[in-house]
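Subject: Structure handover

Dear colleague,

Please find the structure below. My notes on it come after.

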Amino acid sequence: MPDAAASADQLVIERATPQDWTTVTAWAAAAGWNPGLRDAAAFFAQDPGGFFLGRVRGEPATAVSVVNYGDDFAFLGFYLVRPELRGRGLGIATWNAGLAHAGGRTVGLDGVPDQQGNYRRSGFELAYHTARFVGIPDLPPPDGTVRVMAAADAAAVHDYDSACLPANRPEFLRTWLGNPGYRTLVRIVDGNLAGFGTVRPARDSHRIGPLFADDADTARQLLAALAAQAGGASVAVDAPLRNHSAVRLCEEAGLKPSFETARMYTGPVRSHCQDKVFGVTTLELG
């Protein structure tokens with residue numbers, strides 16, 4: 001165990017491996033974040049150099065991820081410090097190392113609202129809030145337009161995903177869509193992709209995200225079908241509060257809000273279809 005009297009000059013920050021990151025995801029689970037069991041694999045595929053672990057005398061002490069997407073955008077997450085080591089400057093040193101990896105890119109994050117002031121001092125500004133809705137959805141069964149994603153859908157899913165985000169993430173999607181235990185469903189209307197969503201196992205309830213859809217009816221159809229894939233288990237959806245249709249859908253399904261986060265950016269992001277985002281992919285990694 002690191003010495004509780006450790007100071008920042010004893011901290012050695014290194015790029016983390018996927019094996020190292022199992023320790024960090026365990027910290028996140030202990031903090032109640034409920035990460036998907038294999039989420040990190042897709043983000044390592046997108047940017048294997050975007051994960052940082054701080055050690056004190058060889059023992060893990062701090063962590064942060066800053067995953068780069070192309071030349072213009074990055075996303076920060078998993079900012080964690082072991083509880084007994086907080087208040088010694090270890091966290092901010094790790095934070096700065098992560099942000100340096102982003103270079104001149106705009107950086108996004110999802111953080112707890114009461115930390116907005118600290119994030120603002122690092123150049124982040126509020127964009128919107130997100131609430132996690134949890135429960136067993138009570139919705140009518142989906143119609144015949146929803147099915148499991150097939151290989152032939154991949155190009156359309158990649159294009160749809162890119163339209164809903166500030167950046168393209170092809171390497172991420174290739175791994176995410178093939179992760180064991182992850183089920184991605186699509187809705188096809190008049191031969192066109194009207195939306196898609198993924199349900200995956202997590203530490204506690206199943207996670208649903210992304211949930212991207214043309215409209216509330218498509219999102220409802222997908223949510224009902226994704227919940228069925230979870231086998232009646234509790235699910236969690238992180239819905240942007242600015243998408244009032246997403247909030248109404250979660251309430252209609254009987255899901256209950258548990259906590260909020262603040263999406264913040266350090267600068268401008270490219271235009272994207274915010275009204276189609278009914279559930280973000282993951283708060284921990286973007």
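The notes cover the two pockets and one residue.

This is a predicted model, in which local features need pLDDT of at least 70 and side-chain atom pairs count only at pLDDT 80 or more, while totals for chains, interfaces and linings use all residues. Residues are numbered from 1 along each chain as its sequence is written, and side-chain values use heavy atoms, with hydrogens and water left out.

The largest pocket (on a 1 Å grid over the protein atoms alone, an open set of points where a 1.4 Å probe fits, with protein on both sides within 12 Å along at least five of seven lines; lining residues have an atom within 4 Å of a point) has a volume of about 790 Å³, a volume being the space filled by probe spheres set on the points, which are joined across faces, edges and corners. Its lining has 34 residues, with Trp 33, Tyr 79, Leu 80, Arg 86 and Tyr 119 closest to the centre. Strand E4 (a DSSP run of E, at least two residues; helices are runs of H or I, at least four; both numbered from the N terminus) gives the most to this lining, six residues.

The second largest pocket has a volume of about 210 Å³. Among its 16 lining residues, Thr 25, Leu 37, Arg 38, Ala 40 and Ala 41 lie nearest the centre.

Thr 25 lies in helix H1 (residues 18–30). At 15% relative accessible area, Thr 25 is buried (under 20%; exposed is over 50%, partly exposed in between; 1.4 Å probe, protein chains only).

Regards
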